[in-house]
Each structure stands twice: as C-alpha cells, then as structure tokens.
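Here's a quick briefing on a protein–DNA model. Have a look at the structure first, then read on.

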Protein chains: 2
Amino acid sequence: MLSKKAKYALQALLILAKEYEQGPILISNLAQRERIPRKFLELILLELKKHGILQSKKGKGGGYFLGKSPNAIYLGHVIRILDGPLAPLPCVSQTAYMKCEECQDEKTCGIRMVMKEVRDATARILDSTSLADMLKRVERLTKQQTTAPPHRR
Amino acid sequence: MLSKKAKYALQALLILAKEYEQGPILISNLAQRERIPRKFLELILLELKKHGILQSKKGKGGGYFLGKSPNAIYLGHVIRILDGPLAPLPCVSQTAYMKCEECQDEKTCGIRMVMKEVRDATARILDSTSLADMLKRVERLTKQQTTAPPHRR
DNA sequence: AATGTACTCTATCAATTTGATAGACTTAAT
DNA sequence: ATTAAGTCTATCAAATTGATAGAGTACATT
C-alpha cells in the first residue's frame with residue numbers, strides 16, 4: 001500500500017513538474033491546491049529536499065522547486081524515500097536487502113522466488129516512469145476527453 | 001510489504017501442499033517446523049478455513065488439510081485474505097475498489113494510472129501462481145542444486 | 001460415558017507505524 | 001526592522017501488527 005505520505009508527495013511533485021521553471025511555489029499553495037495538511041506536507045517536502053528531489057529558497061519570494069528536470073525524477077525513487085523499499089520482502093529488495101532469519105536456503109525458497117518476481121515487476125514500472133511521463137499521459141487523456149465525441153464509452 | 005501473517009500462511013500452506021493427501025497435519029506440527037508462534041498460526045489457519053482454502057478435523061487424529069487441490073490455490077487469493085487488496089491504492093483495486101475522496105477526475109489521475117499498472121502486474125503474477133506451481137519451482141531448483149557440478153556460479 | 005486430543009472463538013495487549021499538529025528557530029527580501 | 005517563508009524537533013492520537021491467554025466445542029477411543 002502506498003502511504004498518504006508518498007501519495008501527497010507525488011501530488012505535490014506533479015504540480016511542481018507542471019509548473020517547472022515558473023519559479024518557486026509555496027508550501028501553503030501546494031497544500032491548499034491538493035488539500036494536504038500544510039504542516040504534514042512541510043515534512044514531506046523537507047525529506048524530498050534532503051534527497052535532492054527538491055530545492056528550496058527561504059524568505060520572501062521563496063518556496064520549493066524541483067531539484068532536477070521532471071524527466072529525471074522517477075516514481076520509484078520518490079516512493080522509496082517516503083515508504084521504504086518496493087519489495088514485498090526484505091530478502092528480495094535490491095536497495096535494502098536483508099536476509100530472512102531462519103530461511104534455510106534462500107536460493108530454493110519458493111515464497112522468495114515469487115516475491116522477487118513481484119518486486120521486479122513493480123520496480124520495472126516505477127523506476128521507468130518519471131514525473132514528465134506521468135504528465136504526458138495525463139495531458140494526452142485530458143485532451144482526449146475534451147476532444148472526443150460525446151456519448152462514447 | 002507482505003505481513004508476517006501472510007508469510008506464515010504461505011509457509012504453512014506450502015507444507016500442507018507438499019504433504020497433500022497424507023491426512024491432516026497438526027497446527028503445532030506446522031508451527032514447530034516453520035518456527036511460527038503456535039497461537040498466532042491458529043488464527044491464520046482459521047481465517048484460511050473461513051475462506052475455503054483449508055479444511056480441518058477436530059479431535060484425535062484431527063488437524064488441517066487443504067480445502068482444494070494445490071493447483072487450485074493461488075497466492076493472490078491467500079494474500080488478499082490476510083493482507084487485503086493487492087492494489088497500492090484503493091481506487092485501483094479490482095476486488096475492493098474505493099473511490100479516492102477528492103480525486104476530481106479518476107480517469108485523468110496520473111498517479112492512479114501508474115498505480116493501476118503496478119496492481120495489474122502484481123495481480124498477474126500472484127493470481128496465476130498456485131501452491132503447486134511454487135512447489136514445482138522449488139523442486140526443480142533443489143534438484144538442480146544437488147545435481148549440478150561443484151564450483152559453478 | 002469418560003477421557004483426552006485438537007480445533008474454535010473472543011478478548012486483550014504491547015510495540016510499531018502512520019497521519020497529523022505545535023512551536024520555536026533561521027534565512028532572506030524589502 | 002519587519003515580514004515572509006522554509007527548517008527543525010518534539011509530541012500525539014489512532015490504527016495496525018504481531019502475539020498471547022483462556023475458556024469452549026467436537027470428535028475418537030476406550
């Protein structure tokens with residue numbers, strides 16, 4: 001399950017990506033637009049800043065902006081920062097591997113085999129999808145919706 | 001993340017599958033062999049029984065056994081029983097859909113699109129892998145290991 | 001019918017995680 | 001100096017997770 005933290009993060013990042021290069025955006029602005037508790041969002045953005053996803057400027061005229069281009073920020077990275085490893089079991093995590101206690105032989109553990117598949121499938125998607133990719137998909141669909149003839153399914 | 005509950009369940013089921021048609025197995029036997037707290041395992045098995053995955057017999061000579069053939073029990077089913085929906089967000093769950101509050105337009109939500117992909121990839125794996133499949137894979141690898149020439153990587 | 005075995009059910013609990021809030025502090029622009 | 005805005009640390013309540021306890025019920029055997 002994606003935590004609220006990670007979900008809020010993605011919501012905020014999506015706005016920051018959409019308005020990339022239009023100068024810093026205020027926390028409170030982001031919080032209002034996405035209906036996120038403001039103080040809670042602060043913590044999230046701070047964490048993202050620590051990991052280079054965001055940069056910020058203090059004082060008047062300050063705010064947050066992306067630390068790198070929207071096509072260089074991958075969902076996998078963001079989610080790992082806020083929710084930890086993508087893997088369903090620590091013993092199949094690439095970024096935070098940990099041996100299962102009491103697993104006699106990791107190589108022949110059936111549960112592990114399947115969970116590794118799940119981890120790989122998840123990572124394949126989230127580590128290849130950037131904020132820019134998401135935006136593109138949203139725009140394509142939004143345009144389609146307004147352009148499409150009525151009464152379609 | 002897979003909970004301990006679900007992991008314990010799969011461990012126990014794997015044994016019950018391996019020894020399918022050899023009569024009921026005691027909770028305490030399963031608990032010992034997999035080093036699972038016995039009372040905790042009771043709850044898990046009971047839950048699986050409620051959902052038809054297991055059957056049981058009380059009294060002397062009793063114990064638990066699979067409610068259907070190992071090739072008809074899918075990991076997706078087991079995990080959903082113990083951990084709830086596979087989907088990272090309720091709004092992309094097939095089995096427990098719930099609208100996000102405050103999502104203006106579900107159809108054009110970028111986060112949702114990607115999470116739907118993740119859910120589908122996960123479900124594709126877990127809903128197509130049965131206990132029998134897992135067993136087969138384990139056996140294949142176990143045999144390989146003992147048969148393979150030494151000093152290989 | 002009595003006994004013992006083994007699953008069943010309900011309650012409870014401690015620890016952890018999650019989502020959220022509060023307030024003092026620092027930096028920068030005017 | 002003043003005001004705007006991010007930073008940092010602490011704290012909290014609620015929910016979830018992992019686990020334990022004990023009384024109850026069904027069944028087989030003698």
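What follows covers the symmetry of the two protein chains and then their contacts with each DNA strand.

This is a predicted model, where local features need pLDDT of at least 70, side-chain atom pairs count only at pLDDT 80 or more, and totals for chains, interfaces and linings use all residues. Residues are numbered from 1 along each chain as its sequence is written, chains are lettered from A and ligands numbered from 1 in the order in which they are written, and side-chain values use heavy atoms, with hydrogens and water left out.

**How the two copies relate**

- Chain A lands on chain B after a rotation of 180° with 0.0 Å of shift along the axis, at an RMSD of 0.0 Å (least squares on the C-alpha atoms of residues with pLDDT of at least 70 in both).
- The two copies are thus related as by a two-fold rotation axis.
- In chain A, the residue that comes closest to the rotation axis is Ala121(A), with its C-alpha at 3.1 Å.
- The copies meet through the same surface, because 100% of the interface residues of chain A are also interface residues in chain B (contact means heavy atoms within 4.5 Å).

**Around DNA strand D**

- There are 28 residues around DNA strand D, and Leu46(A), Lys49(A), Ser56(A), Tyr64(A) and Lys39(B) come nearest (near means that a heavy atom of the residue lies within 4 Å).
- Sugar and phosphate make up 67% of the atoms of DNA strand D within 4 Å of the protein.
- A polar side-chain atom of Lys39(B) sits 2.4 Å from a base oxygen of this strand, while a backbone N or O atom of Ile27(A) is 3.2 Å from a phosphate oxygen.
- H3(A) gives the most to this surface, with six residues (helices are DSSP runs of H or I, at least four residues, numbered from the N terminus).
- The surface splits into ten nonpolar, five polar and 13 charged residues (nonpolar: Ala, Val, Leu, Ile, Met, Phe, Trp, Tyr, Cys and Pro; charged: Asp, Glu, Lys and Arg; polar: the others, Gly among them).

**Around DNA strand C**

- DNA strand C is surrounded by 28 residues, the closest being Lys39(A), Leu46(B), Lys49(B), Ser56(B) and Tyr64(B).
- Sugar or phosphate accounts for 68% of the atoms of this strand within 4 Å of the protein, and bases for the rest.
- A polar side-chain atom of Lys49(B) lies 2.4 Å from a phosphate oxygen of DNA strand C.
- H3(B) supplies the largest share of the surface near DNA strand C, six residues.

Key. A polar contact is a pair of N or O atoms within 3.5 Å; within protein, one must be able to donate a hydrogen and the other to accept it, and residues adjacent in sequence count only if both atoms are side-chain atoms. Helices (H or I, at least four residues) and strands (E, at least two) are DSSP runs, numbered from the N terminus.
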